[in-house]
Every structure is written in structure tokens, then in C-alpha cells.
Amino acid sequence: MTEERDEASRSSSSHNFRERIREIEWASLVKTGKHWLRNPLNMALLLWILVVAVSGAILFMVMTGMLNSVLPKKSQRDVWFEVNNQILNALFTLMCLYQHPKRFYHLVLLCRWKQDDDVKKLRKIYCEKGTYKPDERIHMMVVVLLLHLNCFAQYALCGLNLGYRRSERPPIGVAICVSVAIAAPAVAGLYTILSPLGKEYDPPQGDEENQVQDVSNRKLSLERKYSFASRDESSPEWRGGVLDIWEDITVSYLSLLCTFCVFGWNMERIGFGNMYVHIATFILFCLAPFFIFNLAAINIDNEMVREGLGYTGIVLCLFGLLYGGFWRIQMRKRFKLPSYNFCCGRPAIADCTLWLFCCWCSLAQEVRTANSYEIVEDKLCKRREEESSNGEVLVSQVPSEDGVTMASSSSLSPSRPKGDEALSPPSPPFIHREAT
């Protein structure tokens, strides 16, 4: 009787499992996956995960002796162990380097904790549903410090791997670094879920009043901004073609000689985040792979593998330009700028291709375009100067593709800036309103 009940239970469980599998909407799942892969950063993340999985699996099999029949000599196993160990070390160090500028930025915002915009940014990242939590500053600080500890532990592990040969590495130091590097983000994740950051609370009375006041002030600001706007709508356009560098030679030279700084500055003024975070992240994407992979190759005796790692670092540096392509895609989508369709009709691939093969020209075009429009509430407003007695400037509103609200403005130099005015800092417009 007992065996019959066990068999009936197993058959019932198997039947329930098959029913659940059938209930999955595979078409919707595939569609969601394709949409996720259209993001270049997601594609890079997927590639990173695949390489980590393959290299980690090989390292595990070498350590457990599963490949002894394929690699009978100890010297062969040592080479495979060191190669995969250095590859994993380089990949995890690169990931920490790419994430660290944002974590430093969040730490600065936590230490400052003055402006309402800073608090809102941090809540959106670390708090459940981006709402108020009790003692949220302290809890956020704990999470951010744990994430910094993760980065520094990985840097220490990288130093041990690059500075010592396998036979000379201190095993206690390696074990401590690996343990801290793994435990710190895991504890940070659990802390975010179990602490007040992961729970819902009713906002205090003062916070609700501040939100109401912010909405009221925002509404008044919008009324003032759009009170002088023209009702005639027009489609935004890129300022010149990608190769029209002579349209503003100053911007072209600055894009060539100060690529990282101009890119970060342009991203901040059109509302895509902090300038210094963009500059640091872009530099790391384009330079860090070369140094890390070439340093990792020093401890490998096989010349062919050593050269392969060196070339891999160079290729990854070139693909770091896709960071600029990713933000060009975001700029085009948000402001509904025309798309290029020369790559199989895929605008996103075309944007990335432009940055891979003509990064300076693409950046110059983006800067010229931002100079030609006024950005009001995440919308491009084309400036149209008219000669009148009071010198009023009329602005025609151009709708954006998404509805994310932002308060940002581009430089109000003429539509074709000359000389030092090409990259002048953003300033609010001076508008004369007629008396009612």
C-alpha cells in the first residue's frame, strides 16, 4: 500500500509539473528575450555570462580531476588552470571597474544628502518602489559600502593573481579575497530585501506635503515655460550628416581631442546622468581591457595563449566604443530623431556601427544637434528667433517618444555656434513676456 501511494504521488507530481510547463507562454517568453537582447548592454552582459560560465566550468573540471584523461600531464593541467583563472580574474575585475564609478557617485550623493533630486535618485535605485523608508540614508549607506567592499576585494584578488605566479601566491590571501568578493554583494542583496529598503511604508506627513508642493511648483514652471511656446510642431532632425564635420569645426576638433570629456558633458546636459560617471565609465570601457588582459598574460608560459589574451584585450577596447552607441540609441529614441537604416534596417545596429567606425564624427553630430535645440521637460524645443520690437524668442515644442520627466536645458548659443561658444555651459533663456 505504501509503495502504491508513493507511486501515485510521484505520478501526480510529474503530471502537475508537465501542466505547469504547458502553461508557460513560450511565444511571449521568446518575444521578451528578443526585446531584451536588442539592448547592446544586455548583449554584452549575456556574452560576459557565457564566457564566465564556460571558463568557470573548465576550471572546475580541471580542479576536480574530471579532465585528467584528456590532460594526463600535470604541466598541461597547470596551464589550463592558470589560463582560465586569469580569464575569470580579468572578467570580474572589468565588471567591478565598470560599476565602480556609479557606486562612487552614489556614495557622494549619500554623503551630501542635500538636494531632493539626489534623494529621489537613490530611492529609485535602492528602495522598494522608489518610496520613502525609515532611516533610509543609513540603510543605503550600508548597501553602498558593501558594494565598495566587493570592488576592493576583487582588486586585491586581481593584484595577487597578476603579481604572483601560481606557486608563489599566498593561499590565505587568495581565500580571504575570494570570500569577501563573493560574500559582500550577496550580503548587500539580502540586506536590501530584509531591511526597510525592501519593505513598503507610508510616507510621513511632511514628505507628502513636500511632494504636493513639488507638483505645484512643477506645474507653475511648466506654465511659464510653455506660455511663450509656439503651437506649431515640427519633427526634430540631426544637425547635419555624420560626416559634416565642417559645419562646426570647433565641435569636431573638441570631439576628436577630448572625446571622453565632451561625451560626458553632452550626456549630462541632455539629461542622461552625471558627467563624471559617464567620463570614468567610458574611459574604463575603452582602456581597462587592454591593461588587464595583457597583465594577465604575463603569468602564462604558453606564447600562443599569451598573444591570444593580448589581442582579446585590444578587441574588447574597440568594443568599448559601443558604450557611446548605446547612449546614441537612447538619445534617438527619447527625442524621436531620425534613424539610420543602412544595417539591415536595424536602427540600433546602425547607431552602434557609426560609433565603432566613426566615433568622433558621431559624437560631433550629437553635440551639434544638442546645440540646435532647447531641452524642456525631456522634449526638444526648436529655437526660432524672430526680429521683433521686444526681441522675444519663440520656441516650438517637439514631442518626445517616452514620457520621462526631466528638467534640463542645452546651450543657448545660436543654432550654429562659433568659436568658444560651441560648448558653452547650459544657461536659462532670457525671455520678455508681454504684459497682460
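Biologist: Leaving aside neighbours within four places in sequence, which residues is Phe272 in contact with, and what makes each a contact?

Modeller: Phe272 touches Met267, His278, Trp327, Gln330, Met331, Arg334 and Phe335; these are called contacts because they have heavy atoms within 4.5 Å of it. This is a predicted model, in which local features need pLDDT of at least 70 and side-chain atom pairs pLDDT 80 or more, whereas totals for chains, interfaces and linings use all residues. Residues are numbered from 1 along each chain as its sequence is written, and side-chain values use heavy atoms, without hydrogens and water.

Biologist: What makes a set of residues a nonpolar core?

Modeller: Its members are buried Ala, Val, Leu, Ile, Met, Phe, Trp, Tyr and Cys residues joined through side-chain atoms within 4.5 Å. Buried means under 20% relative accessible area, exposed over 50%, and partly exposed in between (1.4 Å probe, protein chains only). The largest such core has 50 residues, and Phe272 is among those with the most contacts inside it. Helices α10 (259-269) and α13 (322-335) are among the elements that each supply at least two of its residues. Another core, of 15 residues including Tyr105 and Ala188, lies apart from it.

Biologist: Which residues of α7 are buried?

Modeller: They are Cys177, Ala181, Ala184 and Ala188, and they pack against α6 (136-163).

Biologist: Why does the span of helix α7 agree with its length?

Modeller: A helix is a DSSP run of H or I of at least four residues, numbered from the N terminus. The expected span is 1.5 Å times one less than the number of residues, so the 24 residues of α7 (171-194) should span 34 Å, and its end C-alpha atoms are indeed 34 Å apart.
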